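Work through the exercises below with the model open beside you. Try each task before reading its solution.

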Amino acid sequence: MPSSLQDWNDHFEHLYGRRNAHFLPGIGPRLRYFALALGDAQDAVRVKGVSGVYALAIARLVCRAFMLGHQYPDLPLVEAMVSRFGGSACGYCRKTPCDCPDVGRDDITLRTEADPHQAGKGLYFWQKHLNALYGEKNAQHGIQNILSRLFREYVEFQSIVDDTEQMCFREPGESVKTLSVKLAHELADVFAWIFALATALRVDAAKAVDDLYRAGCPDCKELPCICTNLEFRLADWKNLPPERRLTP
Ligand SMILES: [Zn+2]
Ligand SMILES: [Zn+2]
């Protein structure tokens, strides 16, 4: 049964790898698929009050973020999470909670004292840990800021994909391995903002993902999924059918 971040990564690959090979071939369709889940999350925030939509929106974001990573074999996502957000304090300002300036943090060097035990941690840990570091700041800036930061991290991931496809390597001597690390770091940022969004919406991301995906695909109920009905369409949260069928 999945518990660590790596376990969940592998669980989703097993659950949707075959389906995605047929219906989401390549990174382009997966990026569009993630963007739809992001649009759905924004709509969920707008139609607040419809019960259960926040948990569904968060679980789908997590699922589709893992699918982005699955496009690249052996993407060091867990290592990226640990090196970016591990340790016991903010990797930039060395404080808990983070006290970084709101702008210009990119100029400060990341100096995480990574704790190797954190590599085995799951979604619950990362949400709680990131909240201890950044929750106060995120709460001050509000949910729209979280949504726009999540969107920005998605765009940053996408821009590395674009550079790679156009062979525009930014640094001399850049290898497939360093590209893979870059992608993993951007994907880790995407995950961090999904956790921030979950916290802002009072959703336990680990529970939401567990409820929706542990036993199999929420739509076809199989593991691995046998669905052939992927819809590239935004969810209609207000008219969600009672059995909550949603393209996962
Ligand atoms: Zn900081
Ligand atoms: Zn299915």
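**Exercise 1: Backbone outliers**

Arg202 sits in the loop between α7 and α8. The model is a predicted one, where local features need pLDDT of at least 70, side-chain atom pairs count only at pLDDT 80 or more, and totals for chains, interfaces and linings use all residues. Residues are numbered from 1 along each chain as its sequence is written, and chains are lettered from A and ligands numbered from 1 in the order in which they are written.

Task: state the sign of phi for Arg202 and for Arg94, then class Arg202 and Arg94 as buried, partly exposed or exposed.

Solution.
- Step 1. Recall the background: most residues other than glycine have a negative phi, and most peptide bonds are trans.
- Step 2. Arg202 has a positive phi of about 55 degrees, although it is not a glycine.
- Step 3. Arg94 also has a positive phi, near 65 degrees. Arg94 belongs to the loop between α4 and α5.
- Step 4. Apply the cut-offs. A residue is buried if 20 or more other C-beta atoms lie within 10 Å of its own, exposed if 12 or fewer, and partly exposed in between, with C-beta atoms placed from the backbone.
- Step 5. Arg202 has 8 C-beta neighbours inside 10 Å, so Arg202 is exposed. Arg94 has 16 other C-beta atoms within 10 Å, so Arg94 is partly exposed.

Task: find which residues are joined by cis peptide bonds.

Solution.
- Step 1. Thr96 and Pro97 are joined by a cis peptide bond, with omega about -10 degrees. Pro97 is in the loop between α4 and α5 (123-141).
- Step 2. Leu223 and Pro224 are joined by a cis peptide bond too, with omega about 0 degrees. Pro224 lies in the segment after α8 (205-213).

**Exercise 2: The whole chain**

Task: count the helices and strands, then judge how compact the chain is.

Solution.
- Step 1. The chain has eight helices and zero strands. Helices (H or I, at least four residues) and strands (E, at least two) are DSSP runs, numbered from the N terminus.
- Step 2. The radius of gyration is 18 Å, close to the 18 Å that the globule rule gives for 248 residues, so the chain is as compact as a globular protein of that length. The radius is taken over C-alpha atoms, and the rule is 2.2 Å times the number of residues to the power 0.38.
- Step 3. The C-alpha trace spans about 50 × 40 × 30 Å along its principal axes.
- Step 4. Of the 248 residues, 37% count as buried.
- Step 5. Take contacts between residues at least 6 apart in sequence: 79% of them join residues at least 24 apart. Two residues are in contact if their C-beta atoms, placed from the backbone, lie within 7 Å.

**Exercise 3: Helix packing**

Task: describe how α6 packs against α7, α3 against α7, and α2 against α6.

Solution.
- Step 1. Two packed helices are described by the angle between their axes and the distance between the axes. Axes are lines fitted to C-alpha atoms, for helices over the stretch in contact, and angles run from 0 to 180 degrees between N-to-C directions.
- Step 2. The axes of α6 (residues 143-165) and α7 (residues 176-200) come within 9 Å and cross at roughly 165 degrees. α6 and α7 are therefore roughly antiparallel; the cut-off for that is over 145 degrees.
- Step 3. The contact of α6 with α7 has 16 nonpolar, one polar and six charged residues. Ala, Val, Leu, Ile, Met, Phe, Trp, Tyr, Cys and Pro count as nonpolar, Asp, Glu, Lys and Arg as charged, and the others, Gly among them, as polar.
- Step 4. The axes of α3 and α7 come within 10 Å and cross at roughly 175 degrees. α3 is thus roughly antiparallel to α7. Their contact has eleven nonpolar, one polar and no charged residues.
- Step 5. α2 (residues 27-46) and α6 pack at about 175 degrees, with axes 11 Å apart. α2 is roughly antiparallel to α6. Their contact has twelve nonpolar, two polar and no charged residues.

**Exercise 4: A loop residue**

Task: locate Tyr72 and list its contacts beyond four places in sequence.

Solution.
- Step 1. Tyr72 is in the loop between α3 (53-70) and α4 (77-85).
- Step 2. Leaving aside neighbours within four places in sequence, Tyr72 contacts Ser180 and Leu183.
- Step 3. Tyr72 and Ser180 are 108 residues apart along the chain, yet their C-alpha atoms are separated by 7.6 Å.
- Step 4. Tyr72 has 18 other C-beta atoms within 10 Å, so Tyr72 is partly exposed.

Conventions. Parallel < 35°, antiparallel > 145°, perpendicular 65-115°, else oblique.
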